[in-house]
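Here's a quick briefing on the model below. Have a look at the fold first, then run through the points.

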Amino acid sequence: MLAAASAVTPPVPKLPPVKSTDGELVLQVATTERSWGAIDADGRMIRHAIMHPDEVKTFRAKKSFYALTGNAQCVILSLTGKTLQSFAGKGASKQMCLQW
């Protein structure tokens, strides 16, 4: 008899502590699986790339971020130290505007 396969949740990458200076926004993007993303900061494209498991990137902006992610279920976003909930299923893309 074969045992039923169980879903294994990949570990969440540890986000390093961030410091916001002069009221700036700090966006951290981490992934548990391969994903792609595009990030605008204050209306300017600052990153468009594939991210690999356990990769963490940190971005800064004065007013806002616009994020577009693919395979969004495996993407963890933290805005100025507050981790945001993922609202997308596996393989789905997600777009959002982040302001503080």
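The accessible surface of the chain is about 6600 Å², and carbon and sulfur atoms account for 55% of that (Shrake-Rupley method, 1.4 Å probe; for residues, only the protein chains shown count as cover). Bear in mind that this is a predicted model: local features need pLDDT of at least 70, side-chain atom pairs count only at pLDDT 80 or more, and totals for chains, interfaces and linings use all residues. Numbering runs from 1 along each chain as its sequence is written, and side-chain values use heavy atoms, with hydrogens and water left out.

**Confidence**
- The chain averages a pLDDT (the predictor's confidence in each residue, from 0 to 100) of 85, and 86% of the residues score at least 70.
- Among the strands, the mean bottoms out at 87 in strand 8 (residues 94–99) and peaks at 96 in strand 3 (residues 44–51).
- Over residues 1–6 pLDDT stays under 50, and the model has 0 contacts there beyond four places in sequence; a contact means heavy atoms within 4.5 Å.
- Where pLDDT is low, don't read the predicted coordinates in detail.

**Strands and sheet**
- You get 0 helices and 8 strands; these are DSSP runs numbered from the N terminus, with helices being H or I of at least four residues and strands E of at least two.
- Four of them, in the order 3-2-5-8, make an open sheet with antiparallel pairing (two strands pair if DSSP finds at least two bridges between them).
- Strand 3 and strand 8 are the edges, each with a single partner strand, so one side of each has no neighbour in the sheet.
- From one strand to the next, the twist averages 15°, with axes fitted as lines to C-alpha atoms (for helices over the stretch in contact) and angles from 0 to 180 degrees between N-to-C directions.
- Strand 5 and strand 8 run antiparallel and are joined by 6 bridges; Ser 64 sits opposite Gln 99 in strand 8.

**Core and contacts**
- Of the 100 residues in the chain, 35% are buried, meaning under 20% relative accessible area (exposed is over 50%, partly exposed in between; 1.4 Å probe, protein chains only).
- The largest nonpolar core has 16 residues, and Leu 27, Val 29, Ile 39, Phe 65, Leu 77 and Leu 98 touch the most other members; such a core is a set of buried Ala, Val, Leu, Ile, Met, Phe, Trp, Tyr and Cys residues joined through side-chain atoms within 4.5 Å.
- Val 29 has contacts outside its neighbours within four places in sequence, including Ile 39, Met 51, Phe 59 and Leu 77.
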